[in-house]
Amino acid sequence: MAFIEFKNIGKKYAGAEKKSVDDFNLEINEKEFIAFVGPSGCGKSTTLRMIAGFEEITEGELYIDGKKVNEVAPRDRGIAMVFQNYALYPHMTVEKNIGYGLKNMKMPADQIKKKVDWAIDILGLQEYRNRKPKNLSGGQRQRVALGRAIVKNQKVFLMDEPLSNLDAKLRVSMRTEISKLHRELGATTIYVTHDQVEAMTMADRIVIMKDGVIQQVGKPMELYDHPVNKFVAGFIGSPQMNFFDVTVTGNNITFADGSTFALSESVVKKLAGKEGDMILGIRGEDLKMDAANLELYKESRQKAIITDTEVMGNENNLYFQFGGCQAVARVSKYEISQVGDEIEFVFIPSKMHFFDKDTEMNYICLLYTSPSPRD
């Protein structure tokens, strides 16, 4: 039985033409780490607030631990929440900020001290316990906000973009801390973010939303390798998947700029007779330039001129015009090309996705069985 269950949940604000969240159905298991991800305005924070009880559920039913909670007050839902805004009391020390909620719950002073000491220890805040928020860094303030949530010992943690105010370095370290904290506490965690990197690196499963509707739910690599539509394919992964307008006729594929090559029999078989105008999607790392792949997939060999480069340290992104649009190849740091260089590259057949031009749904879920050692 699911620990948290959404049944046809919907939210429509008074005077709004469209629902902010529409027909949301999801089951979350106990102790799972779930990320809600999507662009601004997609409904992820609204959904989180409905779980917390801060927003009224317009339609549908929400269950937590088998109990319907639509009409249950926020304080009675067994939930702790961490917000984007730390909302710390400026006149209180770290110790008092963490323990304030427990004091309001009329918990005995000795128990409060025990829980606060535990939170301070687990979050590495020992040397800051007597400091006030103005004397803390952004990362330290975020840890205090986490401490205030975990001392309540709730079964569900809700986190609404808690790292968005931090710089890049702190975000990486706090991602690690939150993941570690989740494992140690064993609480069910729902984490809202617009950052797909956070979702990919932290979550057991990801819920991708667009315009209030769930697009796909799955483990990080399931979404990366098997996107159900163009939106998911483009949202997950950096750099974004390459998309080309193409026409498929039999085993031939023609691009908008007239480039063409023959599709492999495995791809033709998986297309199951589908022809006509489509959108071809392929990730940058699946445009190969090494000698082994150029020979193995010579039927799809193409040429282009490098227009821009991004040297990332561990890898390079090479940009070029092909198929009527800008494309990017993601290559190793040892594959060095300069602007103006001519390159040859091939499409890895097993990594090609084909999307319907109207619905943008993925025609096929391709199996990744390219011959080793090329991929």
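The second largest pocket has a volume of about 210 Å³. That value, like every other one here, comes from a predicted model.

**The second largest pocket and helix α2**

The residues lining the second largest pocket are Met92, Glu95, Lys96, Gly99, Tyr100, Lys103, Met107, Ala109, Ile112, Lys113 and Val116. Two elements each give two or more residues to this lining: α2 (94–104) and α3 (109–122). The top contributor is α2, with five residues. Sorted by class, the lining of the second largest pocket holds six nonpolar, one polar and four charged residues.

Helix α2 also has a buried side. Val94, Asn97, Ile98, Gly99, Gly101 and Leu102 are its buried residues. The cover over these buried residues of α2 includes α3 and α4. Gly99 appears in both roles: it is buried in α2, and it lines the second largest pocket.

What follows α2, and what is the sign of its phi? The residue is Lys106, and its phi is positive, near 65 degrees. Lys106 sits in the loop between α2 and α3. Its relative accessibility is 72%, so Lys106 counts as exposed, the cut-off being over 50%. Lys106 is also far along the chain from Phe235: 129 residues separate the two, and their C-alpha atoms are 46 Å apart.

**The largest pocket**

The largest pocket has a volume of about 390 Å³. Its lining counts 17 residues. Phe54, Ile79, Ala80, Met81 and Lys152 are the ones nearest its centre. The elements that give two or more residues to this lining are β6 (79–82) and α4 (138–150). Which of them gives the largest share of the lining of the largest pocket? Strand β6 does, with four residues. By class, the lining of the largest pocket has twelve nonpolar, two polar and three charged residues.

Helix α4 therefore turns up in two places. It gives residues to the lining of the largest pocket, and it is among the elements covering the buried residues of α2.

**Aromatic pairs**

The structure holds 18 aromatic pairs. Two of them are set out below.

| Pair | Centre to centre | Angle between planes | Type |
|---|---|---|---|
| Phe24 and Phe36 | 5.7 Å | 65 degrees | edge-to-face |
| Phe255 and Phe347 | 5.7 Å | 40 degrees | tilted |

Why is the pair of Phe24 and Phe36 edge-to-face? Its planes stand at 65 degrees, and the class needs over 60, so the pair qualifies. Phe24 lies in strand β2 (residues 21–28) and Phe36 in strand β3 (residues 33–37). The two are twelve residues apart, and the pair links distant parts of the chain. Phe24 is buried, at a relative accessible area of 1%. Phe36 is buried as well, at 0%.

The pair of Phe255 and Phe347 reaches across the sequence. Phe255 belongs to strand β12 (residues 252–255) and Phe347 to strand β19 (residues 342–347), so the pair ties together parts that are 92 residues apart. Phe255 has 4% relative accessibility and counts as buried. Phe347, with a relative accessible area of 0%, is buried too.

Phe255 and Phe347 also belong to a wider group. Ring pairs join Phe244, Phe255, Phe261, Phe320, Phe322, Phe345 and Phe347 into a cluster.

**Charges over rings**

Lysines sit over aromatic rings at two sites described here. The charged end of Lys11 is placed over the ring of Tyr13, 4.8 Å from the ring centre. Lys230 lies over the face of Phe243, with 5.0 Å to the ring centre.

**The chain as a whole**

The protein chain has 375 residues, and 50% of them count as buried. Its secondary structure comes to ten helices and 20 strands. Along its principal axes, the C-alpha trace spans about 75 × 45 × 40 Å. Which share of the contacts with a separation of 6 or more comes from residues 24 or more positions apart? The share is 66%. The pair of Phe255 and Phe347 gives one example of a link between residues far apart in sequence, at 92 residues.

Terms used
Residues are numbered from 1 along each chain as its sequence is written. This is a predicted model: local features need pLDDT of at least 70, side-chain atom pairs count only at pLDDT 80 or more; totals for chains, interfaces and linings use all residues. Side-chain values use heavy atoms; hydrogens and water are left out. On a 1 Å grid over the protein atoms alone, a cavity is a set of points where a 1.4 Å probe fits but cannot get out, and a pocket is an open set with protein on both sides within 12 Å along at least five of seven lines; lining residues have an atom within 4 Å of a point. Grid points are joined across faces, edges and corners, and a volume is the space filled by probe spheres set on the points. Ala, Val, Leu, Ile, Met, Phe, Trp, Tyr, Cys and Pro count as nonpolar, Asp, Glu, Lys and Arg as charged, and the others, Gly among them, as polar. Rings of Phe, Tyr and Trp (its six-membered ring) pair if their centres lie within 6.5 Å; planes under 30 degrees apart count as stacked, over 60 as edge-to-face and the rest as tilted. Buried means under 20% relative accessible area, exposed over 50%, partly exposed in between (1.4 Å probe, protein chains only). A charge sits over a ring if NZ of Lys or CZ of Arg is within 6 Å of the ring centre and within 35 degrees of the ring normal. Contact means heavy atoms within 4.5 Å.
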